[in-house]
Amino acid sequence: MDPTEDWYYKTFFDCGEFGFGLSTVSLEPLTDCPSNAKFIDGYYAAGDGTPVQITNAICIFERHAGNILWRHTEVTIPDEVITEARADVTLVVRMVSTIGNYDYIIDWEFKPSGSIKMEVGLTGVLEIAAAKYTHINQMEEEVYGTLVADNSIAVNHDHFLTYHLDLDVDGEANSFVKNNFVTKRVTDPSIPRKSYWNVVSETAKMEADARIHLGMKPADLVIVNPNKKTKPGNTIGYRLIPGSFANPLLVEDDYPQIRGAFSNYNVWVTPYNESEKWAGGPYVDQSRGDDTLAVWSKRNREIENKDIYSVVVYDWVSPQSLPRGLSDDANNERRI
């Protein structure tokens, strides 16, 4: 977020321009992964097509975090207390990609409940712009970061992380449903309550119906198979449970925002199309923003009871967005 001549062009697409796969690094036993982890080598194709091996590219381990998956104590039975509890022991699949000064810790966590949790941790070292200052009292003009050491400004910036989900819940034909929590007035004068809330479900029929700004109103977001029912008649589905999120702060006609227009919404849903896999377009290096998720979605295609993609976009404020100037700030890990 430094608009000066030396910095304005630094608007990196770490996945599209560098590649998380190509930038995968070997994991260190006992530090990157716990003692119970098993390691798997990874491979990618070099420019001439030959396989390149990365030792210990992935680790898999059970996580015993001390969390409770489910419990209940039954105290209503006379002279008897019954307690049952189950530990939330999860299976974690981890890799790390190092791109420039950043190390991305990428976890997929599979829970006994059937939930799948995606988590990304960011660590590494600060990216620094040179400055003439040694104390904040010397600053007389606008600076674009935080003074963290003599002559060293950690430049403001943020990260947008996208997940491209092709869920195929119990089959290919799926729908995107917003379960809105709606406040309602009590109309029966014999009831002393004035209000209550209930769920009003809304199925997205077209792409425009499924562009979501999270946090605007309370709602559950669900991918369902409308053709399959449980015994009581409910649809089968997976809830999308967002982590941290925010909206972009750049103006829409700024060049980085045109290329990164997928961040205009936190959730998008589009019909399945093999050529529309990457939110930033298939050729990010040369992109002018005319072949991205935001452009494809303008066609406003039907998505109800179709084979669909969902794209979830998270915004994450980096350690350098508002660095605190502490001596250990560069070593702290941030997670979403």
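**Notebook: chain, pocket, cavity, patch**

I counted secondary structure and found three helices and 16 strands in the protein chain. The model I worked from is predicted, and I keep that in mind for everything below.

Overall extent came next. I read a span of about 75 × 55 × 50 Å for the C-alpha trace along its principal axes. The protein chain has 336 residues, and I noted 34% of them as buried.

**Entry: second largest pocket**

I looked up the volume of the second largest pocket and got about 270 Å³. Its lining comprises 16 residues, and I listed I212, L214, K217, A219 and L221 as the closest to the pocket centre. Which element gives the most to this lining? I found that β12 does, with three residues. At least two lining residues each come from β10 (173–185), β12 (219–229) and β13 (235–240). Sorting the lining of this pocket by class, I had nine nonpolar residues, four charged and three polar.

**Entry: cavities**

How many cavities of 30 Å³ or more are there? I counted two. For the second largest cavity I wrote down a volume of about 30 Å³.

I then went through the residues around the second largest cavity. From the 270s, its lining takes T270, E276, K277, W278 and A279. H164, L293, W296, Y309 and V311 also line this cavity. I checked which elements supply at least two residues of the lining, and noted α3 (293–296) and β15 (306–317). By class, I sorted the lining of the second largest cavity into six nonpolar residues, two polar and two charged.

**Entry: nonpolar surface patch**

I moved to the surface and picked out a nonpolar patch of about 510 Å². I recorded L91, W108, F110, I116, L167 and Y238 as the residues that make this patch.

I took F110 for a second look and placed F110 in strand β4, which runs over residues 102–110. Is F110 buried, exposed or partly exposed? I have F110 down as partly exposed, with a relative accessible area of 35%. Patch residues need over 30% relative accessible area, so the 35% of F110 meets that part of the rule.

Conventions. Residues are numbered from 1 along each chain as its sequence is written. This is a predicted model: local features need pLDDT of at least 70, side-chain atom pairs count only at pLDDT 80 or more; totals for chains, interfaces and linings use all residues. Side-chain values use heavy atoms; hydrogens and water are left out. On a 1 Å grid over the protein atoms alone, a cavity is a set of points where a 1.4 Å probe fits but cannot get out, and a pocket is an open set with protein on both sides within 12 Å along at least five of seven lines; lining residues have an atom within 4 Å of a point. Grid points are joined across faces, edges and corners, and a volume is the space filled by probe spheres set on the points. Helices (H or I, at least four residues) and strands (E, at least two) are DSSP runs, numbered from the N terminus. Ala, Val, Leu, Ile, Met, Phe, Trp, Tyr, Cys and Pro count as nonpolar, Asp, Glu, Lys and Arg as charged, and the others, Gly among them, as polar. Patches are made of residues with over 30% relative accessible area and no salt bridge: like charges are joined within 9 Å, nonpolar side chains (Val, Leu, Ile, Met, Phe, Trp, Tyr) within 5 Å. Accessible areas come from the Shrake-Rupley method with a 1.4 Å probe; for residues, only the protein chains shown count as cover. A salt bridge is a side-chain nitrogen of Lys or Arg within 4 Å of a carboxyl oxygen of Asp or Glu. Buried means under 20% relative accessible area, exposed over 50%, partly exposed in between (1.4 Å probe, protein chains only).
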